[in-house]
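I opened my notebook to look at two things today: how the strands pair up, and where the empty space is.

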Amino acid sequence: MNVEFENKALEDLYLSGTTDDKQYNRLSNDVVKRYIKVVNYLRAVRRIEDLFPIKSLHYEKKMGDLKGVEAVWINNQYRLLFRSSPDEQGIIVNALLTKISKHYE
């Protein structure tokens with residue numbers, strides 16, 4: 001899948017494991033490692049449906065205020081939120097990573 005980052009902080013966190021952004025610089029090393037692993041999963045799959053069998057990701061489409069946003073688990077506490085879009089044939093192959101969200105906050 002084609003993965004893009006909505007902001008520089010998410011890209012820095014993926015590429016180097018650190019960022020200067022206040023929102024993400026306090027994440028534990030374990031959460032950062034898991035985030036990198038989840039992004040690698042997203043990059044490795046060819047389409048969104050390939051994420052469904054990976055049970056540890058708990059893929060879901062959000063509803064309510066987050067309608068149009070999808071999420072996968074980083075761990076029990078954190079979620080990676082993203083927006084997906086289809087290619088010319090209607091197969092969802094693009095993901096724009098938007099935010100690491102603390103669940104229930």
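These are my entries on strands and then on the pocket.

**Entry 1: the model.** I'm working with a predicted model.

**Entry 2: β3 and β4.** I started with strand β3, residues 70–73, and strand β4, residues 78–86. I found that the two pair in the antiparallel sense, over four bridges. To pin this down I looked for what faces Ala 71, and Leu 81 in β4 stands opposite. Then I followed the chain from β3 to β4 and found a hairpin that joins them through four residues.

**Entry 3: β4 and β5.** How many bridges do β4 and β5 share? I got nine, and this pairing is antiparallel. I checked one pair: Ser 85 has Asn 94 in β5 as its bridge partner. β4 and β5 form a hairpin too, with five residues between them. In that turn I noted Gly 90, which has a positive phi of about 85°.

**Entry 4: the pocket.** Next I went looking for space. Rolling a probe the size of a water molecule over the atoms shows where empty space is left. The largest pocket came out at a volume of about 210 Å³. It is lined by 11 residues, and those closest to its centre are Gln 23, Leu 27, Tyr 78, Ile 100 and Lys 102.

**Entry 5: who lines it.** Which strand gives the most to this lining? I found that strand β5, residues 92–102, does, with four residues. Sorting the lining by class, I wrote down five charged, four nonpolar and two polar residues.

Definitions and conventions:
Residues are numbered from 1 along each chain as its sequence is written. This is a predicted model: local features need pLDDT of at least 70, side-chain atom pairs count only at pLDDT 80 or more; totals for chains, interfaces and linings use all residues. Side-chain values use heavy atoms; hydrogens and water are left out. On a 1 Å grid over the protein atoms alone, a cavity is a set of points where a 1.4 Å probe fits but cannot get out, and a pocket is an open set with protein on both sides within 12 Å along at least five of seven lines; lining residues have an atom within 4 Å of a point. Grid points are joined across faces, edges and corners, and a volume is the space filled by probe spheres set on the points. Ala, Val, Leu, Ile, Met, Phe, Trp, Tyr, Cys and Pro count as nonpolar, Asp, Glu, Lys and Arg as charged, and the others, Gly among them, as polar. Two strands pair if DSSP finds at least two bridges between them.
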